[in-house]
Amino acid sequence: MGLSVVRPFKSMKNSTLAEPIAFDTAPVSSAPKRHVGMAALLGVLSMSCVQFGAALSAPTMAAFGAFSTTWLRLAWAALILALVVRPKLRSYSRAHWLAAGVLGVAMAGMTLCFFSAIERIPLGLAVAIDFLGPLAVATLGVRRLRALLWPLLAVAGVLLLAHDRSGWIGEPVGMLLAAGAACGWGSYIVLMKKTGALFDGLEGLSVSLIAAALVATPFGLVEHGLHIAPMQLAATAGLAVLVPLLPYALEMIALRHMPAASFGILMSVEPAIGAAAGFIVLHQPMTALQLAGTLFVVSASVGVIVTSK
């Protein structure tokens with residue numbers, strides 16, 4: 001899937017020349033190696049923010065609830081980015097609004113399901129199930145049979161991460177919520193790439209976050225109404241930077257330099273980061289098999305980056 005070469009005209013009345021985008025001047029297949037490597041680095045930074053942000057969110061969610069905490073995070077992120085980016089709301093076409101709106105729905109569903117899941121099951125397992133979404137995107141994008149090695153290796157790692165000394169871990173509702181997050185995550189990768197190509201800079205992300213905050217509002221209000229504690233406001237403002245603001249921005253930039261399928265396989269490292277965050281922050285132990293699973297998913301991520309160059 002190639003990257004856009006030029007920006008759409010901002011206004012047909014005021015512009016007659018297309019404006020080149022500084023870092024979108026070549027298709028993915030011929031992009032310099034350093035661009036692919038930088039996109040991979042941004043992806044890893046994004047995943048680290050998500051997983052350590054999720055682990056650090058546990059006390060706030062336990063005190064105030066997953067839905068209201070997630071809603072406030074999205075609202076803070078939307079507000080902060082709108083103030084920084086100042087999206088030109090009156091200039092967008094129907095296609096712009098549709099792309100950003102659908103992405104916002106995917107963001108809200110993915111985030112609400114994921115944070116509700118980690119209230120019920122270990123973080124490493126929730127991320128392992130959640131990863132099935134990006135894996136589906138990666139598998140659908142495979143054109144060479146031998147390239148299936150990386151998704152298969154990642155699946156093996158995910159299965160190992162979902163097993164501990166007592167057997168398979170997790171309870172049904174938590175696993176179902178994680179599966180819902182997986183559907184949202186897979187949709188998010190495809191939609192984020194499309195939205196990033198339609199909008200200038202981070203304007204698409206800004207509009208999408210506004211939509212996501214609006215979609216999450218009823219869930220937040222049902223849980224606690226308008227009785228929001230000052231401590232919750234302060235905590236969610238800080239957490240919003242770790243998740244979702246910084247990760248979404250990093251991923252939108254990364255997806256401009258990498259095919260969605262390759263990005264989906266790169267996400268295979270996220271269960272390993274989730275397991276590490278659960279161990280470091282939440283003291284959720286890892287077995288030898290789970291460590292082996294971590295090695296498998298990291299190897300799959302390295303493999304897809306090497307073969308994408």
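## A walk through the helices

Start by selecting helix α2: its buried residues are A66, S68, T69, T70, W71, L72, R73, L74, A77, A78 and L81. Keep in mind as you click around that this is a predicted model.

**Stop 1: along α2.** Stay with α2, residues 66-85, and check its length. At 1.5 Å a residue, its 20 residues should span 28 Å, and the end C-alpha atoms are 28 Å apart, so the two agree. Now step off the end of the helix to R86, which follows α2 and has a positive phi, near 55°.

**Stop 2: M61.** Next, pick M61, which sits in helix α1, residues 33-64. Is M61 buried or exposed? With a relative accessible area of 3%, M61 is buried, because anything under 20% counts that way. Show what surrounds it: leaving out residues up to four places away in sequence, M61 touches A66, T69, F115, I118 and E119. You've already met A66 and T69, as both are among the buried residues of α2. Try drawing a line from the C-alpha atom of M61 to that of I118: these residues are 57 apart along the chain, yet the line is 9.8 Å.

**Stop 3: T111.** Now jump to helix α3, residues 94-117, and find T111. T111 has 7% relative accessibility, so this residue counts as buried too. Which residues does T111 contact, once its neighbours within four places in sequence are set aside? They are T70 and Y248. T70 should look familiar, since it is one of the buried residues of α2.

**Stop 4: α3 against α8.** Before looking at pairs of helices, here's a handy idea: two packed helices are described by the angle between their axes and the distance between the axes. Keep α3 on screen and add helix α8, residues 203-224. Their axes come within 7 Å and cross at roughly 50°. That angle makes α3 oblique to α8, and the crossing is right-handed. To see where they meet, show W97, A100, G101, L103, G104, V105, M107, A108 and L112 on the α3 side. On the α8 side, show G204, L205, V207, S208, L209, A211, A212, V215, A216 and F219. Color this contact by class and you'll get 15 nonpolar, four polar and no charged residues.

**Stop 5: α4 against α7.** Hide those and select helix α4, residues 123-130, together with helix α7, residues 172-198. Here the packing angle is about 45°, and the axes are 7 Å apart. α4 and α7 are therefore oblique to each other, and they cross in a right-handed way. From α4, the contact uses A126, I129 and D130; from α7, it uses M175, A178, A179, A181, A182 and W185. How do the residues of this contact divide by class? Eight are nonpolar, none are polar and one is charged.

**Stop 6: α4 against α11.** Leave α4 showing and swap in helix α11, residues 270-281. The axes of α4 and α11 come within 7 Å and cross at roughly 165°. Angles over 145 degrees count as roughly antiparallel, so that is how α4 lies relative to α11. This crossing is right-handed. Select L123, G124, V127 and A128 in α4, then E270, P271, G274, A275, A277 and G278 in α11, and you have the residues that meet. By class, this contact has six nonpolar, three polar and one charged.

Terms used. Residues numbered from 1 in each chain as written. Predicted model: local features only at pLDDT ≥ 70, side-chain atom pairs only at ≥ 80, totals over all residues. Heavy atoms only, no water. Axes fitted to C-alpha atoms, helices over the stretch in contact; angles between N-to-C directions. Helix = DSSP H or I, 4+ residues; strand = E, 2+ residues; numbered from the N terminus. Parallel < 35°, antiparallel > 145°, perpendicular 65-115°, else oblique. Left-handed = near helix turned anticlockwise from the far one by under 90°. Contact = heavy atoms within 4.5 Å. Nonpolar A, V, L, I, M, F, W, Y, C, P; charged D, E, K, R; others polar. Expected span 1.5 Å × (residues − 1). Buried < 20%, exposed > 50% of the residue type's maximum accessible area, 1.4 Å probe, protein only.
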